[in-house]
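Colleague: Please take a close look at one part only, the surroundings of the ligand, and tell me with the criteria spelled out what can be said about them.

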Amino acid sequence: MKTAINKLSVFTSGNTNNKPIIFVHGFPFDHIMWDAQIEELSKDYYCITYDIRGLGESPAGDGQFTMESFVDDLETIIDELKLNLPVLCGLSMGGYISLRAMEIMEERFSALILCDTKALADDNAGKIKRAEGIKSINESGVEHFVEQFVPNCFSDNFMMRNKPGYEEVLIRSKSSSPIGVKGCLLAMAGRTGTTAYLHNVSIPALIICGEEDKLTPLDVMKSMAKNINNSTFVVIAGAGHMAPIEASDIVSEKIKEFLKSTGA
Ligand code: MLT
């Protein structure tokens, strides 16, 4: 079911009496990236996903976003849907939002799933790359930016063996709002790191990393996981940054196993 909450497009499936899981997508993607997990998990869980403000179907407005404003949006969704202790699952930028949400309101969640993301803030080179991205959108358009950015998000193997799947994601991302994409780039460049909070995370956490992730590589994710006490680390063989799309069945299975182990 699709609903609008504070102008955001929010999608729910499954029985509302079941344990809620909120899925937060990465950049510059939309809620569709979680389709496979939602199809599987909505059999036993109440699944909620949404388009982050400025991406997918959610309007960009003035494009002035911060990680904190993204967390405000997440909190509004939890409040409006009256979700009781949802599991929070975020990929990459969705993971940055999830980690900031831990800092601000961990007590509102029962478990955390982080896919292909990091706690570290952008270093100087990373911030300069964001600025180059904004310049490239201003000069050559969002489609050009997406064409350069998105191939790095997938393993070479996936792009070769699943061309239609890869191209579908590419085409959807190309239709993103330039204001929204630039707003996300600024929000990511401006975000502070969350490493200092990791030791405080007390809810169970599952950390999933695609073995061939070029953007948030294995060593970076391993050291993040080490800092979270109650965490399980899973490597998805052969997958890149978009593990939930590239190895959808395995990722869904790992999430189910984890949720069962936590009693959720
Ligand atoms: C994402 O997948 O959300 C992005 O790769 C995050 C980033 O660019 O830091």
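**The ligand site**

Modeller: The space taken by the ligand is the largest pocket, where a pocket is an open set of points on a 1 Å grid over the protein atoms alone, with room for a 1.4 Å probe and protein on both sides within 12 Å along at least five of seven lines, and a molecule sits in it if more than half of its atoms lie within 2 Å of its grid points. This is a predicted model, in which local features need pLDDT of at least 70 and side-chain atom pairs count only at pLDDT 80 or more, while totals for chains, interfaces and linings use all residues. Residues are numbered from 1 along each chain as its sequence is written, and side-chain values use heavy atoms, with hydrogens and water left out.

Around the ligand, with a heavy atom within 4 Å of it, stand Gly26, Phe27, Ser92, Met93, Tyr96, Arg130, Phe149, Met188, Leu215 and His241. By class this shell holds six nonpolar, three polar and one charged residues, with Tyr and Met counted as nonpolar, Gly as polar and Arg as charged.

Oxygen atoms of the ligand make polar contacts (N or O pairs within 3.5 Å): one is 2.7 Å from a polar backbone atom of Phe27, a backbone N or O atom of Met93 lies 2.8 Å from a ligand oxygen, and a polar side-chain atom of Ser92 is 3.0 Å from a ligand oxygen. Taken alone the ligand exposes 270 Å², of which the protein buries 95%, areas being computed by the Shrake-Rupley method with a 1.4 Å probe.

Phe27 deserves a second look, since a cis peptide bond with omega about 0° joins Phe27 and Pro28, whereas most peptide bonds are trans. Pro28 itself belongs to the loop between β3 (20-24) and α1, helices being DSSP runs (H or I) of at least four residues and strands (E) of at least two, numbered from the N terminus.

Key:
A polar contact is a pair of N or O atoms within 3.5 Å; within protein, one must be able to donate a hydrogen and the other to accept it, and residues adjacent in sequence count only if both atoms are side-chain atoms. On a 1 Å grid over the protein atoms alone, a cavity is a set of points where a 1.4 Å probe fits but cannot get out, and a pocket is an open set with protein on both sides within 12 Å along at least five of seven lines; lining residues have an atom within 4 Å of a point.
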